[in-house]
Amino acid sequence: FSVAPREQKGFASALNQFLTVACASFVNVALSNALKDWFPKSDEGNTRTEQYANSEMGKFMFVLLGITVFGIVVNLLAPVKNWADRLHQSAIQASTRVTPSDSSTLDDAKGEICDENGEIE
């Protein structure tokens with residue numbers, strides 16, 4: 001989002017929300033359904049602590065650790081890191097370029113903000 005051009009901030013925000021919230025929720029639901037036998041089972045005779053002690057939540061935590069380590073390793077690979085750096089640098093350059101429409105709104109001689117007609121606001 002931070003490197004998106006001004007004209008695409010809305011789309012970048014929507015894409016960011018989809019990837020960070022919706023996709024993560026889909027993965028969460030899939031993992032929860034696939035590994036539901038590992039979660040604590042509610043039975044009236046045991047306390048909540050005993051339910052967790054009798055479950056296999058440790059295995060579930062190792063699955064989450066594995067996903068995290070996999071993501072770290074992928075992002076540390078040179079081609080992925082270089083691609084992300086190039087993408088970030090090109091986006092910064094594209095967003096800092098001065099276009100003719102941008103330069104017409106700044107009166108360089110006085111350093112004052114002007115409207116589209118060149119008049120000082």
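**Confidence, fold and local contacts in a predicted chain**

Confidence in the chain bottoms out in strand E1 (residues 106-107), at a mean of 45, and peaks in helix H3 (residues 57-76), at 93. The score here is pLDDT, the predictor's confidence in each residue, on a scale from 0 to 100. Helices (H or I, at least four residues) and strands (E, at least two) are DSSP runs, numbered from the N terminus. Over residues 103-112 the pLDDT drops below 50, and beyond near neighbours in sequence this stretch has 14 contacts in the model; a contact means heavy atoms within 4.5 Å. Averaged over the chain, pLDDT comes to 79, with 75% of the residues at 70 or more. This is a predicted model, so to speak of a local feature takes pLDDT of at least 70, and side-chain atom pairs count only at pLDDT 80 or more, while totals for chains, interfaces and linings use all residues. Residues are numbered from 1 along each chain as its sequence is written, and side-chain values use heavy atoms, with hydrogens and water left out.

Now for the overall layout. The chain has five helices and two strands, and from the N terminus on they run α-α-α-α-α-β-β. Of the 121 residues, 8% count as buried, where buried means under 20% relative accessible area, exposed means over 50%, and partly exposed is in between (1.4 Å probe, protein chains only). The chain exposes about 9900 Å², and carbon and sulfur atoms supply 61% of that. Areas of this kind come from the Shrake-Rupley method with a 1.4 Å probe; for residues, only the protein chains shown count as cover. Among contacts between residues at least 6 apart in sequence, 21% join residues at least 24 apart.

Helix H1 (residues 9-34) is the place of Phe 26 and also of Leu 31. Phe 26 counts as exposed, at 58% relative accessibility. On the surface, Phe 26 joins Phe 11, Leu 15, Phe 18 and Leu 19 in a nonpolar patch, with about 560 Å² of accessible area together. Patches are made of residues with over 30% relative accessible area and no salt bridge; like charges are joined within 9 Å, and nonpolar side chains (Val, Leu, Ile, Met, Phe, Trp, Tyr) within 5 Å. Leu 31, by contrast, is buried, at 19% relative accessibility. Neighbours within four places in sequence aside, Leu 31 is in contact with Phe 60, Val 63, Leu 64 and Ile 67. Leu 31 and Phe 60 sit 29 residues apart along the chain, yet their C-alpha atoms are separated by 9.0 Å.

Next comes the stretch after H1. Asp 37 belongs to the loop between H1 and H2 and is exposed, with a relative accessible area of 55%. From C-alpha to C-alpha, Asp 37 and Met 57 are 9.5 Å apart in space, against 20 residues in sequence. Gln 51, in helix H2 (residues 48-54), is buried at 15% relative accessibility. Leaving out neighbours within four places in sequence, the contacts of Gln 51 are Pro 40, Lys 41, Ser 42, Asp 43 and Asn 46. Ser 55 has its place in the loop between H2 and H3 and is likewise buried, at 15% relative accessibility. With neighbours within four places in sequence again set aside, Ser 55 touches Trp 38, Phe 39 and Pro 40. A polar atom of the Ser 55 side chain also lies 2.7 Å from the backbone oxygen of Tyr 52.

As for charge pairs, a search of the whole structure turns up two salt bridges, each being a side-chain nitrogen of Lys or Arg within 4 Å of a carboxyl oxygen of Asp or Glu. In one of them, Lys 59 pairs with Glu 56, and the closest N and O atoms are 2.6 Å apart. Both partners are partly exposed: Lys 59 has a relative accessible area of 43%, and Glu 56 comes in at 33%. Asp 85 and Lys 81 also form a salt bridge, with the closest N and O atoms 3.4 Å apart. These two residues both lie in helix H4 (residues 78-96), four residues apart, which is about one turn of the helix. Asp 85 is partly exposed, with a relative accessible area of 38%, and Lys 81 is partly exposed as well, at 43%.

Technical notes
A polar contact is a pair of N or O atoms within 3.5 Å; within protein, one must be able to donate a hydrogen and the other to accept it, and residues adjacent in sequence count only if both atoms are side-chain atoms.
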